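Welcome! Here is a short briefing to help you find your way around a new structure. Take a look at it first, and then we can go through a few points together.

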Amino acid sequence: MSDITFCTCPDLGCAHHPSRHGDGCTPCVEKNLRDHEIPACFWFKIGREGSAESDYTFQKFAQAVVAAEK
């Protein structure tokens, strides 16, 4: 198992979560890039912890960053 102590993603059941394999963040980042999405840890950094938001697209992330800075 990978020792990623800074991972903030609460979805421990996700096959891409660093706690489920020894490849660190790579599978998560690859999946998100393939799906044109931003990983959950970036969302949590701008204060979206616990969000039920289902749209993790680049555009929604950019809008959330701008809104968080206001």
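How many disulfides does the count come to? The count comes to zero disulfides. Please keep in mind that this is a predicted model. The points below cover the cysteines, a loop residue with an unusual backbone angle, and a patch on the surface.

**Cysteines**
- A disulfide is a covalent bond between the sulfur atoms of two cysteines.
- For C28, the closest cysteine sulfur is in C41, at 6.2 Å, whereas a disulfide needs the pair of sulfur atoms within 2.5 Å.
- The two sulfurs are therefore too far apart for a bond.
- Looking from the other side gives a matching picture: the closest cysteine sulfur to that of C41 is in C28, also 6.2 Å away.
- C28 is partly exposed, with a relative accessible area of 23%, and C41 is partly exposed too, at 33%.

**A loop residue to look at**
- H36 sits in the loop between helix 1 (26–34) and helix 2 (40–45).
- Most residues other than glycine have a negative phi.
- H36 is not a glycine, yet its phi is positive, at about 55 degrees.
- H36 counts as exposed, because its relative accessibility is 52% and the cut-off for exposed is over 50%.

**A nonpolar patch on the surface**
- V29, L33 and F58 make a nonpolar surface patch of about 260 Å².
- Of these patch residues, L33 is placed in helix 1.
- L33 counts as exposed, with a relative accessibility of 53%.

Methods:
Residues are numbered from 1 along each chain as its sequence is written. This is a predicted model: local features need pLDDT of at least 70, side-chain atom pairs count only at pLDDT 80 or more; totals for chains, interfaces and linings use all residues. Side-chain values use heavy atoms; hydrogens and water are left out. Buried means under 20% relative accessible area, exposed over 50%, partly exposed in between (1.4 Å probe, protein chains only). Helices (H or I, at least four residues) and strands (E, at least two) are DSSP runs, numbered from the N terminus. Patches are made of residues with over 30% relative accessible area and no salt bridge: like charges are joined within 9 Å, nonpolar side chains (Val, Leu, Ile, Met, Phe, Trp, Tyr) within 5 Å. Accessible areas come from the Shrake-Rupley method with a 1.4 Å probe; for residues, only the protein chains shown count as cover. A salt bridge is a side-chain nitrogen of Lys or Arg within 4 Å of a carboxyl oxygen of Asp or Glu.
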